[in-house]
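Work through the exercises below with the sequence and structure at hand. Each task is followed by a solution in steps.

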Amino acid sequence: MASSSSLTLSQALLARAISSHGSAQPSDHRVSLSALSIPTFSGLKSAAPRASTSRRRLPTRSTRNHQVRSAAVETIGTAAETSLVEKSVNTIRFLAIDAVEKANSGHPGLPMGCAPMGHILYDEVMRYNPKNPYWFNRDRFVLSAGHGCMLQYALLHLAGYDSVRVSFFRSLQRIHINDLKNFRQWESRTPGHPENFETPGVEVTTGPLGQGIANAVGLALAEKHLAARFNKPDNEIIDHYTYVILGDGCQMEGIANEACSLAGHWGLGKLIAFYDDNHISIDGDTEIAFTESVDKRFEGLGWHVIWVKNGNTGYDEIRAAIKEAKAVKDKPTLIKVTTTIGYGSPNKANSYSVHGSALGAKEVDATRKNLGWPYEPFHVPEDVKGHWSRHVPQGAALEAEWNAKFSAYEKNYKEEAAELKSIITGELPAGWEKTLPTYTPESPADATRNLSQQNLNALVKVLPGLLGGSADLASSNMTLLKMFGDFQKDTPEERNVRFGVREHGMGAICNGIALHSPGLIPYCATFFVFTDYMRAAIRISALSQARVIYVMTHDSIGLGEDGPTHQPIEHLASFRAMPNVLMLRPADGNETAGAYKVAVLKRKTPSILALSRQKLPQLAGTSIEGVQKGGYIISDNSSGNNPDVILIGTGSELEIAVKAADELRKEGKAVRVVSLISWELFDEQSDAYKESVFPSAVTARVSIEAGSTFGWGKIVGSKGKAIGIDRFGASAPAGRIYKEFGLTPEAVIAAAKELC
Ligand SMILES: Cc1ncc(C[n+]2csc(CCOP(=O)(O)OP(=O)(O)O)c2C)c(N)n1
């Protein structure tokens, strides 16, 4: 239980935070300074020292008061006695403090400040089943401020989650106290930032600030879309919320604004975000760099905004805010919760020093005294344990109840149930791949972006989880699904998502969609060069094993006149360097179909399809099966696996390799042409297969690709030659640029002749 001195201190710190926000609205009855009887600062002996940069009170904040709405105080769910709530909240705080202390690394400040909202969410509000973290209709929670992950680990521990580790030994354990003691250690389930692939109950991988809130928008989009498609008046089979905690850092990142703008536009009423408004980031007080009115901005974005002024101890205010948020069905809600970072630490609270370092033994002791916490490190008091223990049976009951609902749904709505099941389980409908179009050399030449659209439109007929769109380039990226309308606020059942010009937000939203359900397959599109604007989201797709299909058109200098700003050069190489990304550059129709097949089949890997703006011929020898191997022979006039030279191409330059081979063969050379559409897939093949494509004895190898030659040495070897582009592009008709840059059959022939 908190001692009176800690309350005095906390109230003072809170008052400081509120006052630097501007005075409370006179009409706001929820919390006022007088109601809290907060002493003046000068009367406080133990006011926390602050960074010199943050000591100065800047006047701007006081002018930033807001027209935020107030909520009536009302309890929702079954709240424990306040004293037990406080004890539980302090348990969370001290689990975080102790884990960071033991690791001597981590971020105690956020968990100490956010413990009350965390407690209320996990103990009173959210519906989940700790024994099945993947129960489909669970509420989703995202800790966008991922550095504060000890908050989430402590909550998962109290709630009784099991490990996701597959080993028998580990799978028997809960997020055990040992896991908390192993915080940030090798192979622990409690890594330095939340990782969905490592820890049960963690929905998405967060840490790069802003990604989490954007993921949450994707999760909420998925819920709204699926609910619109599958819910029936007599059976609302999909009905869950997405909750987020984000901090000042997330708020500062542009990606958050991109995603939140879309959330407002789409009216994602079941998205409820808690903004941990503690005024502190790493460099000190946010006054030094962040003085906008977040409230007004979010109102402008179409969100409902509530301000909880006492996030440290105002349990009823938090509860009331959640209740109010839930009542607003047509808008997402931002609950700005003013808290004190490092709440309870007498000398470090409200300062940057508690953001990202252990408190230190002395300050831990002082905090224990201040919050009246007599226990050993990592202790969970019996009454707290007992109180939380209900979540295991409750969660099981919630899931059982939902399963019964699903059985009834299956009986009454067979077709829909089968589709929904495929989305829930990720099992692909039998024979889905038969819909992929195939081509012959006689089929008309076409741009791979157009061929991509043929594939998307074929696949959407058989894949119930396929949905997506472009960042305002749908008619260039060729991504529209012709049999569907636009996913919009009032038409959420549709599958064309209009992301506007928000590449970064788009990528992260797609990660959220992909991680919502195993059978959801989001795709998103822009020009390949603008992957630069979404690289951080793509990296998180790869790390968090999100199957997002990136439809990236205008993939080289072949786009022509738009010039170097629009011509990707280093991008292929850069994505080949990124782990767990399939970089695919198809050369024609069959390869585009193969790329889609692989992208759909790779359940835990994002794929990037680099597609041409310009027309390409349908080549002889290309095939879907070949694509699945990543690299394969499309033509060969040699025998005994011993060609004079191997020509290797990808995408639009495979045609150039074919033309060069034709000429060389006329001159009597034995030439093999290899399509290396995906290096990653080729790397996965057996040594014997690789040797059958690239015999080690054949060192005469020439590659051609309209991009950086970086990395090609691995393929052509020290005796081979890589033809590519190691400068920025140019603005001119595509044919001229190809010629000027030496990407021609003649250049390939000349290189080959030098080698054989
Ligand atoms: C994109 C990105 N940039 C920088 C960082 C490094 N970083 C981690 S936390 C943080 C400050 C976050 O401040 P805030 O959200 O207020 O967290 P709090 O101090 O309240 O814990 C920064 C800059 C990061 N994790 N991600």
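**Exercise 1.** Is His-147 buried or exposed?

Solution. The model is predicted. Start with the position: His-147 lies in the loop between β1 (140-143) and α6 (150-159). Next, take the count: 23 other C-beta atoms are within 10 Å of His-147. A residue is buried if that count is 20 or more. His-147 is therefore buried.

**Exercise 2.** Find the loop that holds His-355, and decide whether His-355 is buried or exposed.

Solution. The loop runs between β7 (333-338) and α14 (361-370). His-355 has 23 C-beta neighbours inside 10 Å, so His-355 counts as buried.

**Exercise 3.** List the contacts of His-147 and of His-355, leaving aside neighbours within four places in sequence.

Solution. For His-147, the contacts are His-107, Leu-110, His-193, Gly-207 and Gly-356. For His-355, they are His-107, Gly-109, Ile-280, Ile-282 and Ile-341. Now turn to the record: the unreviewed UniProt entry lists His-147, Gly-207 and His-355 among the residues of a "binding site".

**Exercise 4.** In what order do the five strands of the open sheet lie?

Solution. The order is β17-β19-β18-β20-β21, with mixed pairing. At the edges are β17 (632-636) and β21 (721-723), each of which pairs on one side only. From one strand to the next, the twist averages 20 degrees. Inspect one pair: β18 (residues 645-649) and β20 (residues 701-704) run parallel and are joined by four bridges. Ile-646 stands opposite Arg-701 in β20.

Technical notes:
Residues numbered from 1 in each chain as written. Predicted model: local features only at pLDDT ≥ 70, side-chain atom pairs only at ≥ 80, totals over all residues. Pairing = 2+ DSSP bridges. Helix = DSSP H or I, 4+ residues; strand = E, 2+ residues; numbered from the N terminus. Axes fitted to C-alpha atoms, helices over the stretch in contact; angles between N-to-C directions. UniProt positions renumbered as here; feature names shortened; annotations may be inferred. Buried ≥ 20, exposed ≤ 12 C-beta atoms within 10 Å, placed from the backbone. Contact = placed C-beta atoms within 7 Å.
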